[in-house]
Amino acid sequence: MKMINLGSKKLASFYVACELYKQMHQEPNSKLGLATGGTMTDLYYYLVDLLEKNKLDVSHVETFNLDEYIGLKPSHPQSYHYYMNDVLFKQYPHFKKDNTHIPNGYTEQLEDEAERYNQLLNDKGPVDIQILGIGENGHIGFNEPGTDLHSETHIVDLTESTIRANSRYFDHKEDVPKQAVSMGLASILKAKRIILLAFGEKKKDAMSKLLDQQVTRNVPATILHAHPNVEVYVDDEAAPDHL
Ligand code: PGA
């Protein structure tokens, strides 16, 4: 694993946007694993800008999102369906709808949905690049501490720490979803190349643990040590002191 401080969120986001752009440019039928959250906003801003400037044909690109909240309609402004439309698919409306995949968290048949999404990933994967954020508690996707290292797509009970971190996006704490459907750790590890982004002081502790610790269920991101092609880009605030 390479961890590199690129200075700021903007610089790191631009760098990774260029990597995604190059991937799609070189392979028109690229498969991308996408992430959401506050970390990713600048990444999509720069990616849309690059796509527009160069009018890249993305009609054969396929995207697979990591996770979705349970209980939110796709039209809910805090759902990850809404997020992806807002930051990417509406901004650059040339992705084919059938090629953009996000797990459905608004269904009674949750286990069936996890199974369906997992099958889709297995049938269509592996992705060429998987983008990841990280939780303050070290989660990737919504794989909370304690998650089975061999897990595939599954239904997750979010921890108190994650619910607290997510509450900044909701008007009332009781509105914050308590569950999510998420790619598992084994699903994430199938990607050919993984790029994790972490910005801000609140991610520094997770970055120190990721750098220092061997694979442990207590810090799910440490599973990335088991993958041969992982890059981690941080800003000054998230960089561990001993980087
Ligand atoms: P954030 O979330 O980008 O909103 O900080 C990241 C995560 O929880 O994985």
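## Ligand site, sheets and unusual backbone points

The largest pocket is the space taken by the ligand. The structure described here is a predicted model.

**The ligand and its surroundings**

Which residues surround the ligand? They are G37, G38, T39, G133, I134, G135, H139, R168, Y169 and K203. Among these surrounding residues, T39, H139 and K203 are treated further here. The table lists a side-chain distance to an oxygen atom of the ligand for each of them.

| Residue | Side-chain atom | Distance to an oxygen atom of the ligand |
|---|---|---|
| T39 | N or O atom | 2.4 Å |
| H139 | polar atom | 2.7 Å |
| K203 | polar atom | 2.7 Å |

Taken alone, the ligand exposes 280 Å², and the protein buries 83% of that area.

**The sheet of 7 strands**

The model contains an open sheet of 7 strands with parallel pairing. The strands of this sheet follow the order β1-β10-β9-β6-β2-β3-β5. Which strands form the edges? The edge strands are β1, covering residues 2-5, and β5, covering residues 100-101; each of them pairs on one side only.

At the β5 end of this order, the partner is β3. Strand β3 spans residues 62-65 and pairs with β5 in the parallel sense over 2 bridges. Within this pairing, T63 stands opposite T100 in β5.

**The sheet of 3 strands**

Another open sheet is formed by 3 strands in the order β4-β8-β7, and here the pairing is antiparallel. Its edge strands are β4, residues 67-69, and β7, residues 154-157, and each pairs on one side only. Neighbouring strands of this sheet are turned by 25° against each other on average, with direction ignored.

Strand β8 stands between the two edge strands in the order. How many bridges join β7 to β8? There are 4 bridges between β7 and β8, which comprises residues 179-182, and the two strands run antiparallel. In this pairing, H154 stands opposite S182 in β8. On the other side, 3 bridges join β4 to β8, and these strands also run antiparallel. The bridge partner of E68 in β8 is V181.

As a general point about strands, the side chains in a regular strand alternate between the two faces of the sheet.

**Two unusual points in the backbone**

Most residues other than glycine have a negative phi, and most peptide bonds are trans. Two places in this model depart from that pattern.

The first concerns phi. K55 has a positive phi of about 50° although it is not a glycine. Where is K55 found? K55 lies in the loop between helix α2, residues 41-54, and strand β3. Strand β3 is the strand that pairs with β5 in the parallel sense.

The second concerns a peptide bond. G125 and P126 are joined by a cis peptide bond, with omega about 0°. P126 has its place in the loop between α4, residues 110-124, and β6, residues 129-132. Strand β6 stands between β9 and β2 in the order of the sheet of 7 strands.

Technical notes: Residues are numbered from 1 along each chain as its sequence is written. This is a predicted model: local features need pLDDT of at least 70, side-chain atom pairs count only at pLDDT 80 or more; totals for chains, interfaces and linings use all residues. Side-chain values use heavy atoms; hydrogens and water are left out. Two strands pair if DSSP finds at least two bridges between them. Axes are lines fitted to C-alpha atoms, for helices over the stretch in contact, and angles run from 0 to 180 degrees between N-to-C directions. A residue is near a molecule or strand if one of its heavy atoms lies within 4 Å of it. A polar contact is a pair of N or O atoms within 3.5 Å; within protein, one must be able to donate a hydrogen and the other to accept it, and residues adjacent in sequence count only if both atoms are side-chain atoms. Accessible areas come from the Shrake-Rupley method with a 1.4 Å probe; for residues, only the protein chains shown count as cover. On a 1 Å grid over the protein atoms alone, a cavity is a set of points where a 1.4 Å probe fits but cannot get out, and a pocket is an open set with protein on both sides within 12 Å along at least five of seven lines; lining residues have an atom within 4 Å of a point. A molecule sits in a cavity or pocket if more than half of its atoms lie within 2 Å of its grid points.
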